[in-house]
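User: I should like to learn how to read the secondary-structure packing and backbone features of a model. Please take me through them one by one.

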Amino acid sequence: MRSKVQAGAQPWKAAYDQMLASRYASLSRTPKPRAIVECGSYSNPNNGCTDEREDAIAAYTDALIWYITRDSRYAEKAISLMDAWSATIRDHTNSNAPLQTGWAGSSWPRAAEIIRYTYTGWPSANVTRFATMLRNVYLPKVINGSNSNGNWELSMMEAAIGISVFLEDRTSYDKAVAKFRGRVPAYIHITADGALPKAPPGSSIDTRDEIIGYWQGQSTFMDGLTQETCRDFVHTGYGIDAIAHFAETTRIQGQDLYPEISERLRHALGLQSKYELGAAVPSSLCGGSVKRGLGPVTEVGYNALHNRMGIAMTNTQTLTLQQRPAGTNNLFVAWETLTHGDNPN
């Protein structure tokens, strides 16, 4: 990534310029930590929710700019954001607390890993305090999962595995992997599953009617349909990208889960991309109407499956190239053309 940007190569240079021009890259950003972040449904109330998520994305953004440019001002800005929150936050409350913790908890470890291992100016006491924050404030809220819509648990597991890596906590890592392995087949259907999608492990959803209700009333199941496809593509995109992020982390850690989820992820990306691109929706899918808006969520899975594993993905490729450079959803997805676009590593 760094060498491509420095060489002015595309699409990486355009993606870097997009990131650098964003509000997340501002060196005048003032962190807005809170002791208690309170997030209700659809962020009502929103007491620190946006501030926390965006400070975490900003820390990650600054860490990436530091790594590419070696301009220490950005490393110091990332540290100032991480230190402000680790000195302050004590809990997440209200109904969206698990999801909020998952979103912010996905971005913090990305920033922290880069700074911790490439910059010498983060005091060890502050690294320890940040780790304590992740262990005490974030990990307990996400590690046990959720029986809500699937994007919740998938984002929570993404946070859990990133935090586990930063903490070098193998027990929590293994628990996150087990949750992930149960949830992915219950989120993305393939016809090999049979007439009905798999039920989420540990939930009370087990009858045909309950499964159809959980899948937004959809009663015809096809390759790549997700539990939230007929809800809307926005939330579906959250779930799909969290799956790719999780698998990417396991691959880096030497436990590549892509082979066991590749068929589901390929079909999910393909189905959603096809209709995001404007294909006519058959009456058998969501009553003939879908709510588009997939978001900048295809780069990681597309790169892994198409570029590394050699899987043909025509619709996903068309959409991915059309959306470049992929920006941020301001929640937990950021700059994935830069970090993963056509990146064999």
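Analyst: The dialogue below treats the sheet, the helix packing and some individual residues in turn.

Analyst: This is a predicted model, in which local features need pLDDT of at least 70, side-chain atom pairs count only at pLDDT 80 or more, and totals for chains, interfaces and linings use all residues. Residues are numbered from 1 along each chain as its sequence is written, and side-chain values use heavy atoms, with hydrogens and water left out.

User: In what order do the strands of the open sheet stand?

Analyst: Helices (H or I, at least four residues) and strands (E, at least two) are DSSP runs, numbered from the N terminus. Two strands pair if DSSP finds at least two bridges between them. Here three strands form an open sheet in the order β2-β1-β3, with mixed pairing. Because β2 (46-47) and β3 (91-93) each have a single partner strand, they stand at the edges, and one side of each is left without a neighbour in the sheet.

User: Which bridges support the mixed pairing?

Analyst: Strand β1 (residues 36-39) pairs with β3 in the parallel sense over three bridges. Val 37 has His 92 of β3 as its bridge partner, and Glu 38 has Thr 93 of β3. By contrast, β1 and β2 run antiparallel and are joined by two bridges; Cys 39 is matched there with Asn 46 of β2. The hairpin of β1 and β2 has six residues between the strands, and Tyr 42 in this hairpin takes a positive phi near 50°.

User: Along β1, which side chains are buried?

Analyst: Buried means under 20% relative accessible area, exposed over 50%, and partly exposed in between (1.4 Å probe, protein chains only). The side chains of β1 alternate: Val 37 and Cys 39 point to one face and are buried, whereas Ile 36 and Glu 38 point to the other and are not.

User: Which helices lie against the sheet?

Analyst: Contact means heavy atoms within 4.5 Å. Axes are lines fitted to C-alpha atoms, for helices over the stretch in contact, and angles run from 0 to 180 degrees between N-to-C directions. Helix α3 (residues 49-69) lies across β1, β2 and β3 and runs at about 110° to β1. Helix α5 also packs on the sheet, touching β1 and β3, and its direction makes about 135° with that of β3.

User: What can be said of Pro 109?

Analyst: Pro 109 lies in helix α5 (residues 97-118) and counts as buried because its relative accessibility is 3%. Not counting residues up to four places away in sequence, Pro 109 touches Gly 162 and Ile 163. Its C-alpha atom is separated by 9.0 Å from that of Ala 56, 53 residues apart along the chain.

User: How should I describe two packed helices?

Analyst: Two packed helices are described by the angle between their axes and the distance between the axes. Angles under 35 degrees count as roughly parallel, over 145 as roughly antiparallel, 65 to 115 as roughly perpendicular and the rest as oblique. Helix α6 (residues 124-142) and helix α7 (residues 150-167) pack at about 150°, with their axes 10 Å apart, and α6 is therefore roughly antiparallel to α7.

User: What is the handedness of the crossing of α6 and α7, and which residues make the contact?

Analyst: A crossing is left-handed if the near helix is turned anticlockwise from the far one by less than a right angle, and right-handed if clockwise. Helix α6 passes α7 in a left-handed crossing. Residues of α6 including Phe 130, Leu 134 and Tyr 138 meet residues of α7 including Met 156, Ala 160 and Ile 163. For class, Ala, Val, Leu, Ile, Met, Phe, Trp, Tyr, Cys and Pro count as nonpolar, Asp, Glu, Lys and Arg as charged, and the others, Gly among them, as polar. The contact of α6 with α7 divides into 14 nonpolar, one polar and two charged residues.

User: Where are the cis peptide bonds?

Analyst: One joins Gln 10 and Pro 11, with omega about 10°; Pro 11 is found in the loop between α1 (2-6) and α2 (12-21). Another joins Asn 44 and Pro 45, with omega about 0°, and Pro 45 is placed in the loop between β1 and β2.
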